[in-house]
Amino acid sequence: MTQAPPIDLHQVKRELAARAAALGFAAIGVASIEIPEDERHLLRWLAAGFHGEMEYMERHGVMRSRPQQLAPGTVRVVSARMDYWPEDARDAEEVLGDGTLGYLSRYAVGRDYHKILRRALATLAQQLEKQIGPFGYRVCVDSAPVLEKALAREAGLGWIGKHTNLIARDAGSYFFLGEILTDLPLPVDEPASAHCGTCQACIPACPTGAIVAPYQLDARRCISYLTIEHQSAIPVELRPAIGNRVFGCDDCQLVCPWNKFARAAAHPDFKVRHHLDSTSLTELFRWTEDEFEERTRGSPIHRLGYERWSRNLAVALGNAPASPEVIRALEDRRTDPSSMVCEHVEWALARQRSLKTSASHRGA
């Protein structure tokens, strides 16, 4: 009986890279599953309580650093990178500088990346299966408990910067990551070396001081965490620093010198939808729940839900330049069904009155 020829894993990897490029990925790499120092870093981070209300981080524990526990038989991780920067969006700094507008992290102004990346990675794995026959794999995009940045670094896709985001020398940091955990012993890539050097621009750029030291992020102070993951009231002492950021924050990336190499998104689904790159706060706050559902369906914003969306907008309106229009918008929601929204509205109204008084005194 004739035996099937052995699989040329080097050739498989080359073909995988070509197929990945055809599916819209900017780069792929292959990593082994051993990341012991990153596991220790994770455990120290959890012990410090930096994960805040993200109790699932503690629940999953070391599974995040041991992909073989998530998908038994895993010996390699194929890490893939897809650029998301929306070239058609209004200038980020310009929007942040206009307190009447709502700022949304630029990854969120288009369609939800989870489905786009998951579909592309599943297609990549299925194409490979047709070529070489069945093999074990699991596709992961963000929601699975995987230390994706550490694995991407090991796969040569970039290094973890002082702001804790992954940075690529040729593409900055505006990209999504996804993984295929596999039992195929593909050749591994060289881990990426770090190139932050003495630069610490990201640390003072954080509005709330969440980067407490190089490579140390206290999520409890991070605006992305507070406006997306945090389920309850936003701490009063942090509200003023949030400014007009209503979903996520890009400040630490906007100042990163490596983002001069950032690439515009190639995928059309990452283009701006519903003018979410520069809509006024009052207009966003006047959306009904039905309008929120309609305009955010298929977007990363949808999982936030109308209550937390309204909470975030109330904070941003409290920080907006004092105006009758802002006060009217807030007063219209004083009897909101959500007690959490009502509390944030009252805070915003008090802050608006304070801003108005300060403006009057300056003009006197």
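**Sheet, helix and cavity in a predicted model**

In this predicted model, α6 lies across β2 (76-83), β4 and β7, and runs at about 35° to β7.

User: Happy to start with the sheet: which strands stand at the edges, and why is one side of each left without a neighbour?

Analyst: Good place to begin! The open sheet has four strands in the order β1-β2-β7-β4, paired antiparallel. Each edge strand has a single partner strand, so one of its sides has no neighbour in the sheet. Those edge strands are β1 (27-31) and β4 (137-140).

User: By how much are neighbouring strands of this sheet turned against each other on average?

Analyst: The strand order to follow is β1-β2-β7-β4. Ignoring direction, the average turn between neighbouring strands is 20°.

User: And what is the bridge partner of Arg 138 in β7?

Analyst: Four bridges join β4 and β7 in the antiparallel sense. Arg 138 has its bridge partner in β7, and that residue is Leu 181.

User: Now the cavity: which elements give two or more residues to its lining?

Analyst: Searching the whole structure gives one cavity of 30 Å³ or more, with a volume of about 40 Å³. Its lining includes Ala 125, Leu 128, Ile 180 and Thr 182. The elements that contribute two or more lining residues are α6 (113-132) and β7 (175-182).

User: How many charged residues does the lining of the largest cavity have?

Analyst: Leu 16, Val 78 and Phe 135 are among the residues that line this cavity. Sorted by class, the lining has eight nonpolar residues and one polar, while the number of charged residues is zero: there are no charged ones.

User: Lastly, how many residues apart in sequence are the parts that Trp 85 and Tyr 174 tie together?

Analyst: Among 15 aromatic pairs in the whole structure, the rings of Trp 85 and Tyr 174 have centres 4.2 Å apart and planes at 35°, so this pair is tilted. Trp 85 sits in the loop between β2 and α5 (92-96), and Tyr 174 in the loop between β6 (166-167) and β7, so the pair links parts whose separation in sequence is 89 residues.

Note on methods: Residues are numbered from 1 along each chain as its sequence is written. This is a predicted model: local features need pLDDT of at least 70, side-chain atom pairs count only at pLDDT 80 or more; totals for chains, interfaces and linings use all residues. Side-chain values use heavy atoms; hydrogens and water are left out. On a 1 Å grid over the protein atoms alone, a cavity is a set of points where a 1.4 Å probe fits but cannot get out, and a pocket is an open set with protein on both sides within 12 Å along at least five of seven lines; lining residues have an atom within 4 Å of a point. Grid points are joined across faces, edges and corners, and a volume is the space filled by probe spheres set on the points. Ala, Val, Leu, Ile, Met, Phe, Trp, Tyr, Cys and Pro count as nonpolar, Asp, Glu, Lys and Arg as charged, and the others, Gly among them, as polar. Two strands pair if DSSP finds at least two bridges between them. Axes are lines fitted to C-alpha atoms, for helices over the stretch in contact, and angles run from 0 to 180 degrees between N-to-C directions. Contact means heavy atoms within 4.5 Å. Rings of Phe, Tyr and Trp (its six-membered ring) pair if their centres lie within 6.5 Å; planes under 30 degrees apart count as stacked, over 60 as edge-to-face and the rest as tilted.
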